[in-house]
Amino acid sequence: DNKNLSVDHRLTQICEALESKVDYYDWVGFYFKNGDKPELKLRAYAGEETDHKIIPFGKGICGQVAVSNENFVVPDVKAQDNYIACSIFVKAEIVIPLFVNGENIGQIDIDSHTADPFTDADTDFLVWVNKKVAELLEA
Ligand code: SME
């Protein structure tokens, strides 16, 4: 419907803004839990198209955050066993869960081509972004 279309559009704008303004944010996307299925579905992104539009709970960094409800900062993706590679250029990743009414409904996922780029300031900023997105979804 119209409301979902405009939310999709605004999520895409947020992804595009983050990807273009922060030099070490090279791919930015929002995944959401896919109805009653035990999987995440890509809803909006900026950067290269990815084959990983559906991610089962527990798989990869994203799938782990779907079940842990915890922020996950990966300074070196090569050091992770449970990791889904989207691009050979990616060196680091950050995934921050998105809560609405205390429920983990999805996440923001950012890939970087820079090694170990993410600090606590990125975590704090992306937690704040997700709070704003939660307000957008509730509106
Ligand atoms: N690397 C992620 C998969 C999503 S892509 O980064 C877009 C993961 O391990 O879950």
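Two strands count as paired here if DSSP finds at least two bridges between them. In this predicted model, strand 1 (residues 27–33) and strand 2 (residues 39–46) clear that bar with 6 bridges, running in the antiparallel sense. Strand 1 also has a partner in strand 6 (residues 103–112), again antiparallel and again joined by 6 bridges. Tyr31 shows the arrangement nicely: it stands opposite Leu42 in strand 2 and opposite Gln107 in strand 6. Strand 1 is mostly covered, with 5 of its 7 residues buried. The link from strand 1 to strand 2 is a hairpin with 5 residues in between, and Gly35 in the turn takes a positive phi of about 60°.

Next comes helix 1, which covers residues 2–21. Its 20 residues reach 28 Å from the first C-alpha to the last, close to the 28 Å expected at 1.5 Å a residue. Leu11, Cys15 and Leu18 are buried in this helix. Seen down the helix axis, the buried residues fall within an arc of 70°, so they line one face. What do these buried residues of helix 1 pack against? They pack against strand 1 and strand 2, the two arms of the hairpin. The face turned away from the buried side carries exposed residues, among them Asn2, His9, Gln13 and Lys21.

Then there is the ligand. It is surrounded by 15 residues, and the closest are Gly60, Ile61, Cys62, Ile84 and Cys86. Strand 1, helix 2 (60–68) and strand 6 each put at least two residues into this shell. Helix 2 gives the largest share, with 4 residues. By class, the shell splits into 7 nonpolar, 5 polar and 3 charged residues.

Two asparagines are worth a look for their backbone angles. Asn69 has a positive phi of about 65° although it is not a glycine, and it is found in the loop between helix 2 and strand 4 (72–74). Is Asn69 buried or exposed? A residue is exposed if 12 or fewer other C-beta atoms lie within 10 Å of its own; Asn69 has 12 such neighbours, so it counts as exposed. Asn101 also has a positive phi, of about 50°, without being a glycine. Asn101 lies in the loop between strand 5 (92–100) and strand 6, and it counts as exposed because it has 7 C-beta neighbours inside 10 Å.

Definitions and conventions: Residues are numbered from 1 along each chain as its sequence is written. This is a predicted model: local features need pLDDT of at least 70, side-chain atom pairs count only at pLDDT 80 or more; totals for chains, interfaces and linings use all residues. A residue is buried if 20 or more other C-beta atoms lie within 10 Å of its own, exposed if 12 or fewer, and partly exposed in between; C-beta atoms are placed from the backbone. The expected span of a helix is 1.5 Å times one less than its number of residues. The arc is that of the directions from the helix axis to the C-beta atoms. Two residues are in contact if their C-beta atoms, placed from the backbone, lie within 7 Å. A residue is near a molecule or strand if its C-beta atom, placed from the backbone, lies within 6 Å of it. Ala, Val, Leu, Ile, Met, Phe, Trp, Tyr, Cys and Pro count as nonpolar, Asp, Glu, Lys and Arg as charged, and the others, Gly among them, as polar.
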